[in-house]
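Here is a short note for a colleague meeting this structure for the first time. Please keep the view open beside you while you read the points on aromatic rings.

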Amino acid sequence: MLKPEYIVTWEEIYEKIEVMKEILVNSDEKVFGIPENGCAISELMDNAVETPEKATVLIGLVHHTGETYNKWRGMYPEKEIVFLYNTQ
């Protein structure tokens with residue numbers, strides 16, 4: 001859980017992405033970044049795709065209020081949705 005005063009660094013983001021890459025290595029998973037912050041995250045992955053329809057996993061940066069999660073879950077109920085950070 002992130003505290004309001006927590007400062008996220010790029011180094012930390014890169015470390016989390018490397019962990020995700022290790023999990024997804026040798027898998028057929030394809031990732032799509034949820035606009036806006038998730039786009040940058042997915043582009044750092046080796047298996048990014050250009051549309052959510054082509055993806056098996058949707059990636060966001062921060063799960064805060066649940067609004068983004070609920071929106072994308074409603075549009076793509078069959079996709080796995082992950083966030084690098086959770087504020088709840």
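1. Let us begin with Tyr14, which is partly exposed at a relative accessible area of 43%. Please keep in mind that this is a predicted model.

2. Which residue pairs with Tyr14? The partner is Trp10, and the two rings are tilted, with 35° between the planes and 5.7 Å centre to centre. Both residues belong to helix 1, which covers residues 10-24. They are 4 residues apart there, about one turn of the helix.

3. The structure holds 3 aromatic pairs. Another one of them joins Phe32 and Trp72, whose centres are 6.0 Å apart and whose planes meet at 40°, a tilted arrangement. Phe32 is part of strand 1 (residues 31-33) and Trp72 is part of helix 3 (residues 67-75), so this pair ties together parts that are 40 residues apart in sequence.

4. Are the two members of that pair buried or exposed? Phe32 has a relative accessibility of 10%, and because buried means under 20%, Phe32 counts as buried. Trp72 is also buried, with a relative accessibility of 10%.

5. Have a look at Tyr76 as well: ring pairs link Tyr76, Trp72 and Phe32 into a cluster.

6. Finally, where does the charged end of Lys16 sit? You will find it over the ring of Tyr85, at 4.7 Å from the ring centre. Lys16 and Tyr85 thus give you a contact between a charge and a ring to look at alongside the ring pairs.

Key:
Residues are numbered from 1 along each chain as its sequence is written. This is a predicted model: local features need pLDDT of at least 70, side-chain atom pairs count only at pLDDT 80 or more; totals for chains, interfaces and linings use all residues. Side-chain values use heavy atoms; hydrogens and water are left out. Rings of Phe, Tyr and Trp (its six-membered ring) pair if their centres lie within 6.5 Å; planes under 30 degrees apart count as stacked, over 60 as edge-to-face and the rest as tilted. Helices (H or I, at least four residues) and strands (E, at least two) are DSSP runs, numbered from the N terminus. Buried means under 20% relative accessible area, exposed over 50%, partly exposed in between (1.4 Å probe, protein chains only). A charge sits over a ring if NZ of Lys or CZ of Arg is within 6 Å of the ring centre and within 35 degrees of the ring normal.
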